[in-house]
Amino acid sequence: MENTKLRRQIAHEAARLMYQRQESEYLRAKMKAARRLLGGGRGWVKPADLPSNAEVRDQVLVFARLYEGDARTADLQAMRLAALRLMQTLAAFRPRLIGSVLTGHVREGSDIDLHVFSDSVEAITHVLEREGLAYRVERKQVRKGGEQQTFRHIHVDGHAAGPSAKRWPVELTVYAARQAHHVFKSSITGRAIERASVKQLRQRLAVWYPAVDLDAELADAAAGVDRFQLFEAILLPLESVVQRPDYHPEGDALYHSLQVFDLARDALPYDEEFLTAALLHDVGKGVDAADHVAAGLEALGGSITGRTAWLIAHHMEAHKIADGTIGRRRLRRLRQDESYAELVLLGECDRGGRVPGADAPELDEALDYLRELSHWCG
């Protein structure tokens, strides 16, 4: 049999096996397809005769288009909206959409695949429970590159673009917070995996579906988010963030944040935006310690005001102001902001919140204080 023709036939048969879910792994599907085509294993297939994983994947898509028709197109749009909705809910964990829902290679039975980044699986499941979503945590032992690795997955029973829409299964793969910028490679192409953040997915959806009003479609998701519960979910991992003792002799980042909040509350007890910045200024350390300011702001998204975001964004510069190492031009720009005095005060609280054994409120107490303040000032 001519090699090119054999390669196409193997790709087609392997794709059929995978589309019908008789096989889930590319290599096994290709080898079984080759044995069938060559008469029960009596022939021998050279590696060059086997199609690539990408060729098989494309044939799976052909089957999906053939058998699912317009329903597949509608399902793909609904799955992408459902992915965005859940990603917004899990924004604290820097979710990234990967796989068939992003690339468009969905078929009957496909799920939504997300990468999330946190050192605490419990922090993620806390958010899922708050949303009323059923889930199952799975830990897989996999041998890669001669090393035994443990992969953590959270299987969510289903998520929808809206409360009355069809629900789609979701698989969350949980990676350590420090891996947020790691480049993951595809087993299909060997290249970097294509993935999209919340912002990037929104941009793509606007191009793919220009007639869809994303804000209207996802309004119920935004309305259902309790920002104080989001704060709790993103603050909890800080308890396991151990800091350098020469800078932070007090201990973990959560204890530090609660000390800073307590000092800020003593200074400006009725300034909700300032107090929120004091409590959340280091949340990014639980996501990406290498750039905790940017990571924290991304995770918080639209859950904080512009003034709170500004204070968090510049809190590291407050220390340069205090020690006189900030540039004159930069200092002049900061001074032009109406919250400059509060920025300097935040720096003072940040430096003061580093006392081993100091009294500090519990996280629930701090959040209840902010919630109550929001109620009376809102």
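Modeller: In this predicted model, a residue is buried under 20% relative accessible area, exposed over 50%, and partly exposed in between.

Colleague: Good to have that first! Why is Tyr369 called partly exposed?

Modeller: Its relative accessibility is 24%, and the range between 20% and 50% is the partly exposed one, so Tyr369 belongs there.

Colleague: And what makes Phe261 buried?

Modeller: Phe261 has a relative accessible area of 0%, which falls under the 20% limit.

Colleague: How do you know that Trp208 and Tyr209 are edge-to-face?

Modeller: Their ring centres are 6.4 Å apart, with the planes at 70°. Pairing needs centres within 6.5 Å, and planes over 60 degrees apart count as edge-to-face, so both conditions are met. Phe261 and Tyr369 are edge-to-face too, at 6.2 Å centre to centre and 80° between the planes.

Colleague: Why do you say that the pair of Phe261 and Tyr369 ties together parts that are apart in sequence?

Modeller: Because Phe261 lies in helix α10 and Tyr369 in helix α17, the pair links parts 108 residues apart in sequence.

Colleague: What makes Arg265 count as lying over the face of Tyr369?

Modeller: Arg265 is 5.0 Å from the ring centre, and the distance limit is 6 Å, with a further limit of 35 degrees from the ring normal.

Colleague: Lovely. Now His281: why does it count as buried?

Modeller: Its relative accessibility is 1%, against a limit of 20%. His281 lies in the loop between α11 and α12.

Colleague: Which side chain is joined to that of His281 by a polar contact of 3.2 Å?

Modeller: That of His256, and the side chain of Asp282 also makes a polar contact with His281, at 3.2 Å.

How values were computed. Residues numbered from 1 in each chain as written. Heavy atoms only, no water. Helix = DSSP H or I, 4+ residues; strand = E, 2+ residues; numbered from the N terminus. Buried < 20%, exposed > 50% of the residue type's maximum accessible area, 1.4 Å probe, protein only. Polar contact = N/O pair within 3.5 Å; in protein donor to acceptor, adjacent residues only side chain to side chain. Phe/Tyr/Trp six-rings, centres within 6.5 Å; stacked < 30°, edge-to-face > 60°.
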